[in-house]
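Let's walk through this one together, starting with the sheet and then moving on to the aromatic rings. Keep in mind that you're looking at a predicted model.

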Amino acid sequence: MAKLSLDSKLPSLGTTIFTQMSALAQKHQAINLSQGFPDFDGPKYLQEQLAYHVAQGENQYAPMTGAQSLREAIAKKNKELYDYDIDADSQITVTAGATEALYAAITALVRPGDEVICFDPSYDSYAPAVELSGGVLKRLALQPPEFRVDWHSFANLVSDKTRLVILNTPHNPTGTLWHASDFESLWQAIKDTSIYVLSDEVYEHICYAPGGHVGVQSHEQLKERAVAVSSFGKTFHMTGWKVGYCIAPDYISSEIRKVHQFLTFAVNTPAQLALADMLNAQPEHYRELPEFYRAKRDRFIDALSNSRFKVLPCQGTYYLVVDYSAISDMSDVDFCLWLTEEVGVAAIPLSVFCGQPFDHKLIRLCFAKKESTLDAAAARLQKI
């Protein structure tokens with residue numbers, strides 16, 4: 001019998017760097033500051049409500065668009081925080097994590113040959129989703145340390161084939177933010193086109209700006225052609241629950257739902273109900289989240305002040321970007337391997353977030369950890 005061979009749809013992809021570094025950290029018993037997940041548990045009330053709904057028999061399929069109570073709680077939260085008026089029935093879709101929402105939105109919007117603009121460094125799920133949809137990804141490099149968008153360069157990337165712009169704020173991995181002026185600049189660049197916007201806002205509640213998070217829904221014109229994506233895993237320290245959602249106008253939501261219903265159809269029912277309870281009963285959790293993570297950020301920055309690393313500004317997310325150029329000339333990938341194996345701290349190289357050469361000596365450290373974990377990691381990093 002002839003041996004079969006399969007032409008990969010994603011021939012350039014292998015196991016993600018996040019999985020690789022976590023495995024390497026475990027092998028060398030290193031402190032894992034690479035993959036973006038907390039080493040502490042989420043709220044007790046949320047856990048209790050999950051058990052409650054399981055015991056109450058809420059164990060069958062949820063509605064395809066998401067549990068009614070959860071969609072209503074999301075709409076209420078967004079009205080309270082941002083004064084957004086969102087229809088819970090037609091504009092909110094609950095997904096199996098934010099990654100599914102991103103995939104469903106890209107699949108719904110992008111056609112073969114369409115061009116998609118993203119800003120590098122960028123989250124690693126964007127490019128494969130675009131490629132699987134037959135799109136062509138155009139990357140605009142953001143330059144450290146500010147990582148701001150050069151709008152002149154952006155305008156040069158826009159063509160009559162551009163279909164979608166993907167942005168991320170607060171930004172993983174750099175910890176930078178988009179401001180109202182950025183959304184206005186984006187609008188001015190695309191207002192006479194048929195270009196859509198996908199705004200990855202999974203760290204919306206981990207924002208340290210005085211005025212709080214500014215998202216795509218805050219722009220009156222852009223929100224009519226935009227999808228905003230968020231994540232409960234980041235907000236409630238429960239990344240393993242894999243529950244996220246997207247907000248979009250009716251005409252876009254209906255297309256996203258067509259993809260969603262044949263991708264996962266519905267999301268874990270008792271988890272959705274527990275999250276709805278949490279949003280309604282303990283809104284102080286997401287209100288206080290910026291200060292919760294600000295304290296961790298500041299503690300870690302202070303601990304690294306005696307090291308040879310240079311810490312870049314962090315305005316959001318639970319990541320620090322640090323410059324190691326005073327320590328080594330190694331590439332960021334090699335430096336992260338060395339750091340894990342020899343120093344006992346696992347980090348992520350920024351170059352893996354880029355589709356173009358990235359020669360800066362920068363790595364990402366996750367500070368969504370217990371204070372004892374951060375202190376132990378900092379003690380090791382200070383010795384270099």
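Start with the open sheet: seven strands, running in the order β2-β8-β7-β6-β5-β3-β4, with mixed pairing. At the edges you'll find β2 (92-95) and β4 (136-141), each of which pairs on one side only. Going from one strand to the next, the twist averages 20°.

Now zoom in on the β4 end. Strands in a sheet pair through backbone hydrogen bonds, and they can do that parallel or antiparallel. Here β3 (residues 115-120) and β4 go for the parallel sense, over six bridges. If you want one specific bridge to look at, take Asp120, whose partner in β4 is Ala141.

What packs on this sheet? Helix α4 (residues 97-109) does. It touches β2, β5 (162-168), β6 (196-200), β7 (226-231) and β8 (244-247). Compare directions and you'll get about 165° between α4 and β7.

On to the rings. There are 19 aromatic pairs in the model, and a couple of them deserve a closer look. Tyr123 and Tyr126 meet edge-to-face, with 6.0 Å from centre to centre and 70° between the planes; the pair gets that label because planes over 60 degrees apart count as edge-to-face. How exposed are the two partners? Tyr123 is partly exposed, at a relative accessible area of 26%, whereas Tyr126 is buried at 2%.

Then there's Tyr293 with Tyr318, a tilted pair whose centres are 5.3 Å apart and whose planes make 50°. Tyr293 sits in helix α11 (residues 284-304), while Tyr318 is in the loop between β9 (310-311) and β10 (319-323), so this pair ties together parts that are 25 residues apart in sequence. Both rings belong to buried residues: Tyr293 has a relative accessible area of 0%, and Tyr318 has 1%.

That pair isn't on its own, either. Ring pairs link Tyr293 and Tyr318 into a cluster with Phe40, Tyr203, Phe292 and Tyr319.

Finally, have a look at where charges meet rings. The charged end of Lys77 sits over the ring of Tyr286, 5.9 Å from the ring's centre. That counts because the cut-off for a charge over a ring is within 6 Å of the centre, along with being within 35 degrees of the ring normal. Lys369, in turn, lies over the face of Phe37, with 4.4 Å to the ring centre.

How values were computed
Residues numbered from 1 in each chain as written. Predicted model: local features only at pLDDT ≥ 70, side-chain atom pairs only at ≥ 80, totals over all residues. Heavy atoms only, no water. Pairing = 2+ DSSP bridges. Helix = DSSP H or I, 4+ residues; strand = E, 2+ residues; numbered from the N terminus. Axes fitted to C-alpha atoms, helices over the stretch in contact; angles between N-to-C directions. Contact = heavy atoms within 4.5 Å. Phe/Tyr/Trp six-rings, centres within 6.5 Å; stacked < 30°, edge-to-face > 60°. Buried < 20%, exposed > 50% of the residue type's maximum accessible area, 1.4 Å probe, protein only.
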